Amino acid sequence: SGTTAKTRSITITAADTGGSGLNTSNSYQYYLSTSVNGGGGSWVNYTSGTAFPIGAGITGTRYLFVKRVTDNATNISTASGSTDTAVSGTTYHRFGPFVFDNTAPTCTVTANKTSPTNASSVTYTFTFSENVTGFTVDDITVTGGTKSTTLGGSGKTYTLVVTNSGTTTQKVSVAAGKCTDAYGNANTASNTFTMTIDRTGPTVTVSPTSGTTAKTRNVTITVADTGGSGLNTSNSYQYY
């Protein structure tokens with residue numbers, strides 16, 4: 001048995017110490033089963049004393065079932081560390097459990113804007129997350145704007161300052177080239193965020209701005225924003 005891994009190197013050794021020798025009719029085979037009670041596996045030949053890998057492409061728990069062997073005196077094999085288990089009337093040596101993880105994690109990236117839109121730069125904190133624990137993020141690339149912080153290394157959260165010399169609305173694309181879990185399974189995450197750098201003040205237009213003597217005047221006051229960030233909801237629209 002063993003801790004979770006992508007694959008395991010296994011050596012099955014059949015030996016006889018009683019003197020009669022191993023029976024030439026022995027079948028040296030094993031299979032992996034999802035059940036402690038066996039079943040569901042396909043028999044695979046092994047060479048006694050030679051290491052071979054198991055678990056490639058498998059995620060989850062498996063049990064290793066090995067056919068028993070006999071010597072020329074008809075003694076049946078025993079196996080240390082195993083539990084003899086009957087499957088459909090035949091008894092096998094059972095080892096395990098072995099736990100494998102060959103599933104790439106789900107990797108996502110979200111952004112949290114932390115500075116006002118009328119600043120000369122907009123700061124985003126990018127957070128990478130996965131559906132597993134103990135992961136790293138590497139090979140991060142960012143396009144759009146000017147990066148004042150170099151991203152990279154291992155971790156889950158990175159801060160990026162995006163600057164622009166003019167008033168603009170632009171997109172920032174962030175991609176994690178590789179998100180890797182504790183067992184070496186990797187996936188990528190990317191996202192595109194629209195950021196607004198707005199240093200254009202809103203306009204107030206009054207029509208008409210003056211006039212000749214009259215009993216009353218019909219006046220229209222129009223407030224508009226062209227910078228892209230929108231009018232603040234706390235504005236007070238009043239006159240006297």
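Student: Why is glycine 18 called exposed?

Tutor: Glycine 18 has a relative accessible area of 66%, and the class called exposed begins over 50%, while buried means under 20% and partly exposed lies in between (1.4 Å probe, protein chains only), so glycine 18 falls in the exposed class. Please keep in mind that this is a predicted model, in which local features need pLDDT of at least 70 and side-chain atom pairs count only at pLDDT 80 or more, while totals for chains, interfaces and linings use all residues. Residues are numbered from 1 along each chain as its sequence is written, and side-chain values use heavy atoms, with hydrogens and water left out.

Student: Where does glycine 18 lie along the chain, and what separates its C-alpha atom from that of alanine 73?

Tutor: Glycine 18 sits in the loop between β1 (8-10) and β2, where strands (E, at least two residues) and helices (H or I, at least four) are DSSP runs numbered from the N terminus. The C-alpha atoms of glycine 18 and alanine 73 are 8.8 Å apart, although their positions lie 55 residues apart along the chain.

Student: How many aromatic pairs does the structure hold, and what makes the pair of tyrosine 31 and phenylalanine 65 stacked?

Tutor: The search of the whole structure finds 5 aromatic pairs. The ring centres of tyrosine 31 and phenylalanine 65 are 5.2 Å apart and their planes stand at 10°; a pair needs centres within 6.5 Å, and planes under 30 degrees apart count as stacked, over 60 as edge-to-face and the rest as tilted (rings of Phe, Tyr and Trp, the last by its six-membered ring), so this pair is stacked. Tyrosine 31 belongs to strand β2 (residues 29-33) and phenylalanine 65 to strand β5 (residues 60-67), so the pair ties together parts that are 34 residues apart in sequence.

Student: Are these two residues buried or exposed?

Tutor: Tyrosine 31, at 4% relative accessibility, counts as buried, and phenylalanine 65, with a relative accessible area of 0%, is buried as well.

Student: Why is the pair of tryptophan 43 and tyrosine 92 called tilted?

Tutor: The ring centres of tryptophan 43 and tyrosine 92 are 5.1 Å apart and their planes stand at 50°, an angle that fits neither of the other two classes, so the pair is tilted. Tryptophan 43 is in the loop between β2 and β3 (44-45) and tyrosine 92 is in strand β7 (residues 90-100), so the pair links parts that are 49 residues apart in sequence. Tryptophan 43 is partly exposed at 31%, whereas tyrosine 92 is buried at 12%. Ring pairs link Tyr31, Trp43, Phe65 and Tyr92 into a cluster.

Student: How do you know that lysine 67 lies over the face of tryptophan 43?

Tutor: Lysine 67 is at 4.7 Å from the ring centre, and a charge sits over a ring if NZ of Lys or CZ of Arg is within 6 Å of that centre and within 35 degrees of the ring normal.

Student: What is the order of the strands in the open sheet, and why are β3 and β6 said to stand at the edges?

Tutor: The 5 strands follow the order β3-β2-β5-β7-β6 with antiparallel pairing, where two strands pair if DSSP finds at least two bridges between them. β3 and β6 (83-87) each have a single partner strand, so one side of each is left without a neighbour in the sheet. Between β2 and β5 there are 4 bridges, and leucine 32 has leucine 64 in β5 as its bridge partner. Between β6 and β7 there are 5 bridges, and aspartate 84 has histidine 93 in β7 as its bridge partner.

Student: What makes serine 88 and threonine 74 worth a look?

Tutor: Most residues other than glycine have a negative phi, and most peptide bonds are trans. Serine 88, in the hairpin of β6 and β7 with 2 residues between the strands, takes a positive phi near 55°, and at 78% relative accessibility serine 88 counts as exposed. Threonine 74, in the loop between β5 and β6, has a positive phi near 70° and is exposed at 64%.

Student: Which residues does a cis peptide bond join?

Tutor: One cis bond joins glycine 96 and proline 97, with omega about 10°, and proline 97 is in strand β7. Another joins serine 207 and proline 208, with omega about -5°, and proline 208 is in the loop between β15 and β16.
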